[in-house]
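Trainee: Could you take me slowly through one part of this model, explaining each term as you go?

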Amino acid sequence: MSQAITFSEYGAPEVLRLSEVSTPEPGPGQVRIRVRAASVNPLDIKIRSGLMAKAAPARFPVVPGLDAAGVVDAVGEGADAAVGDEVLGAAVGGSYGEYALLDRPVAKPQALSWEVAASLVTVGETASRVLRQLGAKEGQTLLVHGAGGSVGTVAVQLAAARGITVVGTAGEHDIERVTALGATAVRYGDGWVERVKAAAPQGVDVVFDASGAGVLADSVALTGDSARVITIADMAAAQHGVRFSAGGADPADDSLAQLVRLAATGELDVPVWRAYPLGQAADAHGDIEARRNRGKVVLLP
């Protein structure tokens, strides 16, 4: 037995409880890690609150969490890691616990902290995937909605490094930080279209919506083609002919390993705002729901 955060009903952060659970056993190709850090993602909150209940009903009790970093302590047949290896990756069956299972572990360099390692997984793979789907190329102009958020932050850096001109909408408190990442930052909210046009008189080629703030109609108008807009956060995407990009296991995708190398060499910054002990998962969820965080929130078992 081991400890993990669980919830047995949908609701507010208070439904999260530190519980005794059966320690997971790795299946073929999987590794079990002793978790050193698990990141908290907005999707965790949507699942816990019940917003995803129709699309993916929960089987209670649920151990939440998508990402983890830790030390391998058991391996399944054919696993691509050995006991004692320091790794990170997407968790199978939840990551908010003392132990988690990974089926595609990526080696963690010594230069990378546990907190950053856990924080890279979902946000990094999401940013890489959407940029690939948009087909953004050197010389084009990309608009990132929610550029101050964790996914937006990574997308801005990856795009700018590829010679793409980036305009990013952000809150007033994030303008300076988004600018430092390589984007022309503009304030979101009423009038954002005019501010984007002023910042990009050459026009906008593609749009990455990481905000879900009801910006799709105007984004399609900016590009002139709904195929040039992708969202990861607005469930009304289909109403605007816009693609909703969701993650999924792709064994051929090596973007996480590439992101790890960039982060380890300082070429990619993934800011961690606060680390909480595992038992304070409810506080971590509350911070994100209240939009207090300015970077990733992680749990430390």
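**Strand β5 and its partners**

Mentor: Let us begin with a single pair of residues, Gly70 and Val87, which stand opposite each other, Val87 belonging to strand β5. Before going on, please keep in mind that this is a predicted model, in which local features need pLDDT of at least 70 and side-chain atom pairs count only at pLDDT 80 or more, whereas totals for chains, interfaces and linings use all residues. Residues are numbered from 1 along each chain as its sequence is written, and side-chain values use heavy atoms, with hydrogens and water left out.

A strand here is a DSSP run of E with at least two residues, numbered from the N terminus, and two strands are said to pair if DSSP finds at least two bridges between them. By that rule, strand β4, residues 67-75, is joined by five bridges to β5, residues 86-92, and the two run antiparallel.

Val87 also has a bridge partner in β7, namely Ala107, and this belongs to the antiparallel pairing in which two bridges join β5 to β7, a strand that covers residues 106-107.

Further along, we come to strand β6, residues 99-102, which pairs with β5 in the antiparallel sense over two bridges. Here Ala91 has Leu102 in β6 as its bridge partner. The strands β5 and β6 form a hairpin with six residues between them, and in the turn Gly93 has a positive phi of about 85°.

How values were computed: Helix = DSSP H or I, 4+ residues; strand = E, 2+ residues; numbered from the N terminus.
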